Amino acid sequence: QVQLVESGGGLVQAGGSLRLACAAAGRTLSSYFMAWFRQAPGKEREFVVTISRSGISTYYSDSVKGRFTISRDNAKNTVNLQMNSLKAEDTAVYYCAANTAANTGLYSRDVSSYGYWGQGTQVTVSS
């Protein structure tokens, strides 16, 4: 079992930056592809980015490519999301997730592939 806890959300003006963190307890994260998803009010949960077990490979949604950067520190059992040039449409609850599905990997955008989720952290971008 893996417990994931996100932090770092908040209110920021458009054009600003935030850094989200995801800390894990219960099992090492190095065994998992990790991802960030987000969910805006009234919308489905949306894929944002994934990172490979080693941290070398990443895969971004087009909506955040060039503005967001995912990283991981397996020694500290953490995954981070640096968000720059934030826009009002980035407003959402952001979730950290671990991929537990067999035969999936870096390019998995399907929420059903992720068996462990954090509780989410709210990001609000004012325009």
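**Exercise 1. Determine how strand S9 and strand S11 run relative to each other, and how many bridges join them.**

Solution. In this predicted model, strand S9, which covers residues 92-99, is joined to S11 by three bridges, and the two strands run antiparallel. To place the pairing at the level of residues, take Val93, which stands opposite Gln122 in S11. The next step is to look for a further partner of S11: strand S2, residues 10-13, is joined to S11 by four bridges, and here the strands run parallel. Within that pairing, Gln13 has Ser126 of S11 as its bridge partner. Finally, consider the two faces of S11, which spans residues 121-126: Thr121, Val123 and Val125 make up the covered face, whereas Gln122, Thr124 and Ser126 make up the uncovered one.

**Exercise 2. Find which cysteines the disulfide joins, and state which parts of the chain the pair links.**

Solution. Begin with the count, since the structure holds one disulfide. This disulfide joins Cys22 to Cys96, with an S to S distance of 2.1 Å. Cys22 belongs to strand S3 (residues 18-25) and Cys96 to strand S9, so that the pair, 74 residues apart, links distant parts of the chain. The handedness follows from the torsion about the S-S bond, which is about -75 degrees, and the disulfide is therefore left-handed. As for the surroundings, Cys22 is buried, with a relative accessible area of 0%, and Cys96 is likewise buried, with a relative accessible area of 0%.

**Exercise 3. Decide whether Arg38 is buried or exposed, and identify the residue whose side chain it meets in a polar contact.**

Solution. First locate the residue: Arg38 lies in strand S4, residues 34-39. Its relative accessible area is 5%, and because buried means under 20%, Arg38 counts as buried. The side chain of Arg38 is joined to that of Asp90 by a polar contact of 2.9 Å. If residues up to four places away in sequence are left aside, Arg38 touches a set of residues that includes Glu46, Val48, Phe68, Asp90, Val93 and Tyr94.

**Exercise 4. Locate Ser52 and Lys65 in the chain, and describe what each of them touches or contacts.**

Solution. Ser52 is placed in the loop between strand S5 (46-51) and S6. Although Ser52 is in a loop, Ser52 is buried, with a relative accessible area of 9%. Beyond residues up to four places away in sequence, Ser52 touches Phe33, Ser57, Arg72 and Leu106. Lys65, for its part, sits in the loop between strand S6 (58-60) and strand S7 (68-73), and its side chain makes a polar contact of 3.3 Å with the side chain of Asp62. To set Lys65 against a residue further along the chain, note that its C-alpha atom and that of Gly120, which is 55 residues apart from it in the chain, are separated by 21 Å.

**Exercise 5. Work out how many helices and strands the chain has, and how compact it is for its length.**

Solution. The chain has zero helices and 11 strands. Its radius of gyration is 13 Å, close to the 14 Å given by the globule rule for 127 residues, and the chain is therefore as compact as a globular protein of that length. Along its principal axes the C-alpha trace spans about 40 × 25 × 25 Å. Of the 127 residues, 44% count as buried. Among contacts with a separation of 6 or more, 59% are accounted for by residues 24 or more positions apart. To finish with the surface, the chain exposes about 6200 Å², of which carbon and sulfur atoms supply 48%.

How values were computed: Residues are numbered from 1 along each chain as its sequence is written. This is a predicted model: local features need pLDDT of at least 70, side-chain atom pairs count only at pLDDT 80 or more; totals for chains, interfaces and linings use all residues. Side-chain values use heavy atoms; hydrogens and water are left out. A polar contact is a pair of N or O atoms within 3.5 Å; within protein, one must be able to donate a hydrogen and the other to accept it, and residues adjacent in sequence count only if both atoms are side-chain atoms. Buried means under 20% relative accessible area, exposed over 50%, partly exposed in between (1.4 Å probe, protein chains only). Two strands pair if DSSP finds at least two bridges between them. Contact means heavy atoms within 4.5 Å. A disulfide is a pair of cysteine sulfur atoms within 2.5 Å. The radius of gyration is taken over C-alpha atoms; the globule rule is 2.2 Å times the number of residues to the power 0.38. Accessible areas come from the Shrake-Rupley method with a 1.4 Å probe; for residues, only the protein chains shown count as cover.
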